[in-house]
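Let's take a walk through this structure together, beginning with a cluster of charged side chains and moving outward from there. Please have the sequence and the 3D view at hand.

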Amino acid sequence: MSENSEKQIDAATGTELNTHEWDGIQELNTPLPRWWLWTFYATIIFSLGYVVVYPAIPLMDSATAGTFGWSSRGDLKKEVAAAEATRASTNKAIAQMPIEQLAASPELMRAAVEGGRAAFKVNCVQCHGSGAAGSKGYPNLNDDDWLWSGDLAGIHTTLVNGIRQPGDDATRVSQMPAFGRDQMLTAAQVEDVVSYVRLVSRQEPASASAQRGTKLYADNCAACHGANAEGNRDVGAPNLADPIWLYGGDRAALTETVTNARQGVMPAWGQRLDPVTVKMLAAYVHSLGGGEQAKR
């Protein structure tokens, strides 16, 4: 190791040694690489420029604005405004399009379906479920079994006026008597009617009870549900001959229905949501798989 009056140099590497030592061991004072130093200096210059150009220094209730006047909130506001402008144009077109003609415009129909999908998640999943499959007392909107109508206009009418809404003359209403509770039929006759319904819905074989229920059905039920028990959408009477049931098709559920009737309700969304959102909901429900074409 060589020495001079100013610094010590390691003979093996030619690198300056630090002046401190531990038990005769000294440490090399290896300089930082030049590329690293220049990068470090560049980051310092960049940070100074950033502080000047962009919001950076927090103040009591705000921050320095920066010479560019940029902010993330400002960018978001512009993006939201642009989206609102686009949506406003689409909503206006949907509002002006008669519901019966909406499907004739694929672009508008797609926009309406997506808008309805969002509105459904906020307003309808509580009863019909996230997948619109429904539950006991709440219809499955994916199938093609409709109490009133399954085309766009019919679904829209149901949404606007609801079901059994007091004070709304246009609301959907079905009037099924409580045959057992109001003593229109005896308990035994109710059981016979249930046997007939389970026969025509292919859940039970023919029996003496079902035979007796045939006449009871014709006298008391056929006026609404039809001679073949296939329902009547004009009065919201369900099809009793298929395997789809709103409250259940087992004997106990059917006995309860015939005895006490059912009085399900749905809000009149026309009183709660704007017309475009209701129209979008109709488009979304129609798109779920059970939507029908308008009858010509």
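A good place to begin is a network of salt bridges that links Glu 191, Arg 198, Glu 204 and Arg 251. Here a salt bridge is a side-chain nitrogen of Lys or Arg within 4 Å of a carboxyl oxygen of Asp or Glu. Before going on, note that this is a predicted model: local features need pLDDT of at least 70, side-chain atom pairs count only at pLDDT 80 or more, and totals for chains, interfaces and linings use all residues. Residues are numbered from 1 along each chain as its sequence is written, and side-chain values use heavy atoms, with hydrogens and water left out.

Within that network, the closest N and O atoms of Glu 191 and Arg 251 are 2.8 Å apart. Glu 191 sits in helix 6 (residues 187-200) and Arg 251 in helix 9 (residues 251-260), so this pair ties together parts that are 60 residues apart in sequence. Helices are DSSP runs (H or I, at least four residues), and strands are E runs of at least two, numbered from the N terminus.

Next door in sequence, Asp 192 forms a salt bridge with Arg 212 (3.0 Å, N to O). Because Arg 212 lies in helix 7 (residues 208-220) and Asp 192 in helix 6, the pair ties together parts that are 20 residues apart in sequence. How exposed are the two partners? Asp 192 counts as buried at 8% relative accessibility, while Arg 212 is partly exposed at 47%; buried means under 20% relative accessible area, exposed over 50%, and partly exposed in between (1.4 Å probe, protein chains only).

Now turn to the nonpolar side chains. The largest nonpolar core has 30 residues, and those with the most contacts inside it are Leu 102, Phe 120, Leu 159, Leu 281 and Ala 283. Such a core is a set of buried Ala, Val, Leu, Ile, Met, Phe, Trp, Tyr and Cys residues joined through side-chain atoms within 4.5 Å. Helix 3 (106-123), helix 5 (152-161) and helix 10 (275-287) each give two or more residues, and helix 10 gives the most, with eight.

Finally, look at residues 35-57, where UniProt places a "transmembrane region" in an unreviewed entry; such annotations may be inferred rather than shown by experiment. This stretch is 83% helix and 0% strand, with its end C-alpha atoms 30 Å apart. Ile 44 lies in helix 1 (residues 34-53) and is partly exposed, with a relative accessible area of 36%.
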